[in-house]
Amino acid sequence: MGFSVSGATVVLFLGIFISFGIAYTTANNGFERVNDAYEANGEDALARQNTAIDIGNASLVDRGGQRYVNVTVNNAGSTTLSVDDTDILIGGNYTNHTSSNMETLEVNGNNETDIWLPGETLHFNLSVETNPDRVKVVTGPGVADSEVV
(Lines give C-alpha, C1' and ligand atoms only; values in the text may rest on other atoms or scores of the structure.)
Protein backbone atom coordinates (compact mmCIF):
# COMPACT_ATOMS: atom_id res chain seq x y z
CA MET A 1 0.00 0.00 0.00
CA GLY A 2 1.52 3.25 -1.07
CA PHE A 3 1.37 6.67 0.46
CA SER A 4 -1.47 7.81 -1.81
CA VAL A 5 -3.82 5.06 -0.60
CA SER A 6 -3.02 5.78 3.06
CA GLY A 7 -3.40 9.53 2.53
CA ALA A 8 -6.73 9.07 0.75
CA THR A 9 -7.98 6.82 3.58
CA VAL A 10 -7.03 9.43 6.18
CA VAL A 11 -8.81 12.17 4.20
CA LEU A 12 -11.95 10.01 3.86
CA PHE A 13 -12.08 9.12 7.57
CA LEU A 14 -11.41 12.73 8.53
CA GLY A 15 -14.27 13.87 6.25
CA ILE A 16 -16.64 11.26 7.69
CA PHE A 17 -15.68 12.24 11.25
CA ILE A 18 -16.26 15.98 10.59
CA SER A 19 -19.56 15.31 8.77
CA PHE A 20 -20.83 13.16 11.63
CA GLY A 21 -19.88 15.87 14.16
CA ILE A 22 -21.79 18.53 12.23
CA ALA A 23 -24.84 16.32 11.71
CA TYR A 24 -24.93 15.22 15.38
CA THR A 25 -24.67 18.80 16.67
CA THR A 26 -27.44 19.99 14.37
CA ALA A 27 -29.77 17.12 15.24
CA ASN A 28 -29.11 17.48 18.98
CA ASN A 29 -29.86 21.22 18.95
CA GLY A 30 -33.07 20.58 16.99
CA PHE A 31 -34.27 17.92 19.45
CA GLU A 32 -33.51 20.18 22.42
CA ARG A 33 -35.53 23.04 20.91
CA VAL A 34 -38.49 20.73 20.21
CA ASN A 35 -38.36 19.34 23.77
CA ASP A 36 -38.21 22.87 25.23
CA ALA A 37 -41.26 23.82 23.16
CA TYR A 38 -43.19 20.75 24.41
CA GLU A 39 -42.32 21.59 28.02
CA ALA A 40 -43.38 25.24 27.60
CA ASN A 41 -46.63 24.12 25.98
CA GLY A 42 -47.30 21.76 28.89
CA GLU A 43 -46.62 24.50 31.43
CA ASP A 44 -48.98 26.88 29.58
CA ALA A 45 -51.70 24.22 29.50
CA LEU A 46 -51.29 23.61 33.24
CA ALA A 47 -51.52 27.35 33.93
CA ARG A 48 -54.71 27.59 31.84
CA GLN A 49 -56.19 24.59 33.65
CA ASN A 50 -55.49 26.14 37.05
CA THR A 51 -56.81 29.57 36.10
CA ALA A 52 -60.39 30.61 36.70
CA ILE A 53 -62.01 34.01 36.95
CA ASP A 54 -65.55 34.98 37.77
CA ILE A 55 -67.13 38.35 37.05
CA GLY A 56 -69.06 38.98 40.23
CA ASN A 57 -70.61 42.26 39.24
CA ALA A 58 -70.89 44.31 36.06
CA SER A 59 -73.10 47.35 36.25
CA LEU A 60 -73.68 50.65 34.53
CA VAL A 61 -73.94 53.70 36.80
CA ASP A 62 -75.01 57.24 35.84
CA ARG A 63 -73.35 59.95 37.99
CA GLY A 64 -73.98 63.54 37.02
CA GLY A 65 -74.81 62.66 33.42
CA GLN A 66 -71.60 60.64 32.98
CA ARG A 67 -71.94 56.87 32.57
CA TYR A 68 -69.53 54.53 34.32
CA VAL A 69 -69.05 50.78 34.05
CA ASN A 70 -68.23 49.13 37.38
CA VAL A 71 -66.85 45.60 37.20
CA THR A 72 -65.67 43.27 39.93
CA VAL A 73 -63.75 40.13 38.94
CA ASN A 74 -62.72 37.36 41.34
CA ASN A 75 -59.58 35.26 40.80
CA ALA A 76 -61.25 31.90 41.48
CA GLY A 77 -58.34 29.72 40.33
CA SER A 78 -55.02 28.79 41.90
CA THR A 79 -52.81 30.77 39.52
CA THR A 80 -51.34 34.15 40.36
CA LEU A 81 -52.32 36.54 37.58
CA SER A 82 -50.83 39.78 36.33
CA VAL A 83 -53.03 42.86 36.11
CA ASP A 84 -50.92 44.19 33.21
CA ASP A 85 -51.51 40.95 31.28
CA THR A 86 -55.28 41.14 31.83
CA ASP A 87 -57.26 42.55 28.92
CA ILE A 88 -60.58 44.34 29.31
CA LEU A 89 -63.13 44.57 26.53
CA ILE A 90 -66.12 46.88 26.93
CA GLY A 91 -68.81 46.31 24.32
CA GLY A 92 -66.28 44.44 22.18
CA ASN A 93 -63.72 47.27 22.27
CA TYR A 94 -60.31 46.85 23.91
CA THR A 95 -59.75 49.22 26.82
CA ASN A 96 -56.22 50.13 27.77
CA HIS A 97 -55.34 50.17 31.48
CA THR A 98 -53.74 53.60 31.10
CA SER A 99 -56.68 55.06 29.20
CA SER A 100 -58.00 58.42 30.40
CA ASN A 101 -61.41 56.73 30.75
CA MET A 102 -60.05 54.30 33.38
CA GLU A 103 -61.05 55.82 36.72
CA THR A 104 -60.16 52.91 39.00
CA LEU A 105 -58.11 49.75 38.51
CA GLU A 106 -57.21 48.00 41.74
CA VAL A 107 -56.75 44.62 43.36
CA ASN A 108 -58.32 44.41 46.83
CA GLY A 109 -58.10 48.21 47.16
CA ASN A 110 -54.45 48.44 46.04
CA ASN A 111 -53.95 50.28 42.75
CA GLU A 112 -50.12 49.99 42.85
CA THR A 113 -49.82 46.24 42.47
CA ASP A 114 -49.55 44.17 39.33
CA ILE A 115 -50.06 40.88 41.17
CA TRP A 116 -53.57 39.42 41.35
CA LEU A 117 -53.42 36.50 43.80
CA PRO A 118 -55.96 33.64 44.01
CA GLY A 119 -58.96 34.70 46.07
CA GLU A 120 -58.39 38.42 45.46
CA THR A 121 -60.76 40.73 43.61
CA LEU A 122 -59.95 43.00 40.68
CA HIS A 123 -62.15 46.06 40.51
CA PHE A 124 -62.23 48.56 37.67
CA ASN A 125 -64.40 51.54 36.94
CA LEU A 126 -64.28 53.46 33.69
CA SER A 127 -66.31 56.11 31.99
CA VAL A 128 -68.10 55.26 28.76
CA GLU A 129 -69.91 57.33 26.16
CA THR A 130 -72.46 54.72 25.12
CA ASN A 131 -74.19 51.92 26.98
CA PRO A 132 -72.13 48.77 26.43
CA ASP A 133 -73.99 45.49 26.13
CA ARG A 134 -71.31 43.29 27.73
CA VAL A 135 -67.95 43.22 29.46
CA LYS A 136 -65.24 40.63 28.85
CA VAL A 137 -62.09 40.09 30.90
CA VAL A 138 -59.26 37.98 29.47
CA THR A 139 -56.36 36.88 31.67
CA GLY A 140 -52.75 36.36 30.61
CA PRO A 141 -53.08 32.55 30.33
CA GLY A 142 -56.09 33.09 28.03
CA VAL A 143 -58.95 32.25 30.38
CA ALA A 144 -61.86 34.66 29.95
CA ASP A 145 -65.22 35.48 31.44
CA SER A 146 -67.91 37.83 30.16
CA GLU A 147 -70.99 39.37 31.65
CA VAL A 148 -73.95 41.31 30.34
CA VAL A 149 -74.00 44.88 31.68
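Trainee: By class, which residues make up the lining of the largest pocket?

Mentor: This is a predicted model. The largest pocket has a volume of about 230 Å³, and 14 residues line it. Sorted by class, the lining has one charged, five nonpolar and eight polar residues.

Trainee: Which elements give two or more residues to the lining of the largest pocket?

Mentor: Among the lining residues, Ile90, Thr95, Asn101, Leu126 and Val128 lie nearest the centre of the largest pocket. The elements that contribute two or more residues to this lining are β5 (93–95) and β8.

Trainee: Is strand β2 largely enclosed or largely open?

Mentor: Strand β2 covers residues 66–75, which is 10 residues. A residue counts as buried when its relative accessible area is under 20%. Seven of the 10 residues in β2 are buried, so the strand is largely enclosed by the rest of the structure.

Trainee: How many bridges join β2 to strand β8?

Mentor: On one pairing, β2 runs antiparallel to strand β1 (residues 53–63), with 10 bridges joining them. β2 also runs antiparallel to β8, which covers residues 121–128. The number of bridges joining β2 to β8 is eight.

Trainee: Which residue in β8 stands opposite valine 69?

Mentor: Valine 69 belongs to β2, where it is the bridge partner of leucine 60. In β8, the residue opposite valine 69 is leucine 126.

Trainee: In the turn between β1 and β2, which residue has a positive phi?

Mentor: β1 and β2 form a hairpin, and two residues lie between the strands. The residue in that turn with a positive phi, about 60 degrees, is glycine 64.

Trainee: How far is the charged end of arginine 63 from the centre of the ring of tyrosine 68?

Mentor: The charged end of arginine 63 sits over the ring of tyrosine 68. To count as sitting over a ring, CZ of Arg must be within 6 Å of the ring centre and within 35 degrees of the ring normal. The distance from the ring centre here is 4.3 Å.

Trainee: Along strand β4, which side chains point to one face and are buried?

Mentor: Strand β4 covers residues 87–90, and its side chains alternate. Asp87 and Leu89 point to one side and are not buried. On the other face, the buried side chains are Ile88 and Ile90.

Trainee: What is the bridge partner of leucine 89 in β5?

Mentor: β4 and β5 run antiparallel and are joined by three bridges. They form a hairpin with two residues between them, and glycine 91 in the turn has a positive phi of about 60 degrees. In β5, leucine 89 has as its bridge partner tyrosine 94.

Trainee: What is the bridge partner of aspartate 87 in β9?

Mentor: β4 also pairs with strand β9 (residues 134–138), in the antiparallel sense and over four bridges. Within β9, the bridge partner of aspartate 87 is valine 138.

Trainee: How are the rings of phenylalanine 20 and tyrosine 24 arranged?

Mentor: A search of the whole structure finds one aromatic pair. The ring centres of phenylalanine 20 and tyrosine 24 are 6.3 Å apart, and the planes meet at 25 degrees. Planes under 30 degrees apart count as stacked. The pair is therefore stacked.

Trainee: Is phenylalanine 20 buried or exposed?

Mentor: Phenylalanine 20 is found in helix α1 (residues 3–49). Tyrosine 24 is four residues away in helix α1, which means about one helical turn separates the two. The relative accessible area of phenylalanine 20 is 58%, and the cut-off is over 50%. Phenylalanine 20 is therefore exposed.

Note on methods. Residues are numbered from 1 along each chain as its sequence is written. This is a predicted model: local features need pLDDT of at least 70, side-chain atom pairs count only at pLDDT 80 or more; totals for chains, interfaces and linings use all residues. Side-chain values use heavy atoms; hydrogens and water are left out. Buried means under 20% relative accessible area, exposed over 50%, partly exposed in between (1.4 Å probe, protein chains only). Two strands pair if DSSP finds at least two bridges between them. On a 1 Å grid over the protein atoms alone, a cavity is a set of points where a 1.4 Å probe fits but cannot get out, and a pocket is an open set with protein on both sides within 12 Å along at least five of seven lines; lining residues have an atom within 4 Å of a point. Grid points are joined across faces, edges and corners, and a volume is the space filled by probe spheres set on the points. Ala, Val, Leu, Ile, Met, Phe, Trp, Tyr, Cys and Pro count as nonpolar, Asp, Glu, Lys and Arg as charged, and the others, Gly among them, as polar. Rings of Phe, Tyr and Trp (its six-membered ring) pair if their centres lie within 6.5 Å; planes under 30 degrees apart count as stacked, over 60 as edge-to-face and the rest as tilted.
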